[in-house]
Amino acid sequence: MKLQLLYSTIFLVSGEILIEKLFIVIYMQLTFIASTHAAISPEVYWKIKLPKAQIPKVIKDLLPQADDGILDTKKKVYYGLHQHGAWIFHAATEDEIHEIKNETPTQSDHQDNNFLYKPYFFEKELVKGKVINFPSLKNKNKAPFWPRQFVESIPFSSKKIPQILNYFSINNNSKDAKTIEETVKVCEEPAMKGEKRKCATSLESMVDFGIFMLGTNNVKVVATEVQGENQMVQKYTIKEVELMADGLNMICHKLNYAYAVHFCHGGGGTKTYMVSMIGVDGTKVKAISICHKDTSLWNPKGLPFVVLNAKPGAPSICHYLQDDQIVFLPFVS
């Protein structure tokens, strides 16, 4: 609306105004809007800040629409199916191990038979033709993105858990209350040596942190794509492995919360792959795989080392990202 009024005013004042001047004024107005965080939509903010980066479908589908009313937003906690990629720094819990354990392993000396699937694997296993057991990479966390100016009016601190629960009308003793507290505490954990991290509570803050992390707004933003709905663990055959980047990136893992909150981090040496594979039921996947070159600072009792029977400092360890997790990469033409 502001741009339409701006155009009309200039045109009526003088029919002889140069088109170059019009473009300059519009550019200055856009810059002012972006820098002052005026009431523009998250999608417009993205397009201004990251003009070369397409918005992944998994983000676009959860953006607020022009006719949405914030007051009509459901007050609930949204859950995904898996969050292995976000929890590489703490000791594995019994529940995490039980989730991937094979209760009836076959008689074999191979450790793979102890697990229904392995959420972590070595980089050397990313090869065309390899068959793996894996659940669907559709995470199904439908938490919507809310505009930054609205989110910033809501408390997000472990010291204000009662106020957060009250705002979302959540019972103090409920599962949702525990989830809210766990997510906020994860977001307050200090970064490891050489790592930078931030919990982005809006798309705008994710964009800003991505630019800060990569040192440029000339970026590419990617996410896993899944064609199919099967959530069962099944066999997938790797059809193609493409190295997308070797070096700095930013990974954003979607957390369980009442609106879209992403644990974004980076700083360690990584490789980013696009892995095309197909399931036995015909499900087609273009999965983003992140391989961490340096695991020396990871928790020695963490799930990666339990699964791989390895120790910190082991060869490059990789994991796939569910389709609601976002990767920012430097754009290479």
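**Close-up views of a predicted model**

**View 1. Cys 252 is a buried residue, with a relative accessible area of 0%.** The model shown in these views is predicted. The limit for calling a residue buried is under 20% relative accessible area, and Cys 252 falls in this class because its value is 0%. Its partner, Cys 264, has 1% relative accessibility and therefore also counts as buried. The sulfur atoms of Cys 252 and Cys 264 are 2.1 Å apart and form a disulfide. This bond links distant parts of the chain, as Cys 252 belongs to strand β7 (residues 250-254) and Cys 264 to strand β8 (residues 262-266), with the two positions twelve residues apart in sequence numbering. The torsion about the S-S bond is about 115 degrees, so this disulfide is right-handed.

**View 2. A disulfide joins a cysteine of a helix to a cysteine of a strand.** How many disulfides does the structure hold? There are three disulfides in the structure. The one in this view connects Cys 187 with Cys 199, at an S to S distance of 2.0 Å. Cys 187 lies in helix α8 (residues 175-188), whereas Cys 199 lies in strand β3 (residues 196-200); the two are twelve residues apart, and their bond links distant parts of the chain. Is this disulfide left-handed or right-handed? The torsion about its S-S bond is about -80 degrees, so the disulfide of Cys 187 and Cys 199 is left-handed. Cys 187 has a relative accessible area of 18% and is buried. Cys 199, at 14% relative accessibility, counts as buried as well.

**View 3. Cys 291 and Cys 318 are joined by a disulfide.** The S to S distance in this bond is 2.0 Å. The cysteines come from distant parts of the chain, since Cys 291 is in strand β10 (residues 284-292) and Cys 318 is in strand β11, 27 residues apart. With 105 degrees about the S-S bond, the link between Cys 291 and Cys 318 is right-handed. Cys 291 is buried at 0% relative accessibility, and Cys 318 is buried with a relative accessible area of 0%. When the bonded cysteines are counted along the chain, the disulfides follow the pattern 1-2, 3-4, 5-6.

**View 4. Aromatic rings pair with one another in this structure.** The structure holds 14 aromatic pairs. One of them is formed by Phe 134 and Tyr 320, whose ring centres are 5.4 Å apart and whose planes meet at 85 degrees, an edge-to-face arrangement. Phe 134 lies in strand β2 (residues 131-134) and Tyr 320 in strand β11 (residues 317-320), so this pair ties together parts that are 186 residues apart in sequence. Both Phe 134 and Tyr 320 are buried. Elsewhere, ring pairs link Trp 146, Phe 150, Phe 156, Tyr 167, Phe 168, Tyr 257 and Tyr 259 into a cluster.

**View 5. Charged ends of lysines sit over aromatic rings.** The charged end of Lys 76 is placed over the ring of Tyr 78, at 4.9 Å from the ring centre. Lys 254 has its charged end over the ring of Phe 145, at 5.9 Å from the centre of that ring.

**View 6. Helix α9 is largely enclosed by the rest of the structure.** This helix covers residues 203-214. Which residues of α9 are buried? They are Leu 203, Glu 204, Ser 205, Met 206, Val 207, Phe 209, Gly 210, Met 213 and Leu 214. Nine of the twelve residues of α9 are therefore buried, which explains the description of the helix as largely enclosed. At 1.5 Å a residue, α9 should span 16 Å, and the C-alpha atoms at its ends are 17 Å apart, in agreement with that expectation. Just after α9, Gly 215 adopts a positive phi of about 75 degrees.

**View 7. Ile 278 is a partly exposed residue of strand β9.** Strand β9 comprises residues 270-279. Is Ile 278 buried or partly exposed? Its relative accessibility is 28%, so Ile 278 counts as partly exposed. Leaving aside residues up to four places away in sequence, Ile 278 touches Lys 235, Tyr 236, Thr 237, Lys 239, Thr 283 and Lys 284. Val 226 is 52 residues from Ile 278 in sequence, and their C-alpha atoms are 9.8 Å apart in space.

Note on methods. Residues are numbered from 1 along each chain as its sequence is written. This is a predicted model: local features need pLDDT of at least 70, side-chain atom pairs count only at pLDDT 80 or more; totals for chains, interfaces and linings use all residues. Side-chain values use heavy atoms; hydrogens and water are left out. Rings of Phe, Tyr and Trp (its six-membered ring) pair if their centres lie within 6.5 Å; planes under 30 degrees apart count as stacked, over 60 as edge-to-face and the rest as tilted. Helices (H or I, at least four residues) and strands (E, at least two) are DSSP runs, numbered from the N terminus. Buried means under 20% relative accessible area, exposed over 50%, partly exposed in between (1.4 Å probe, protein chains only). A charge sits over a ring if NZ of Lys or CZ of Arg is within 6 Å of the ring centre and within 35 degrees of the ring normal. The expected span of a helix is 1.5 Å times one less than its number of residues. Contact means heavy atoms within 4.5 Å. A disulfide is a pair of cysteine sulfur atoms within 2.5 Å.
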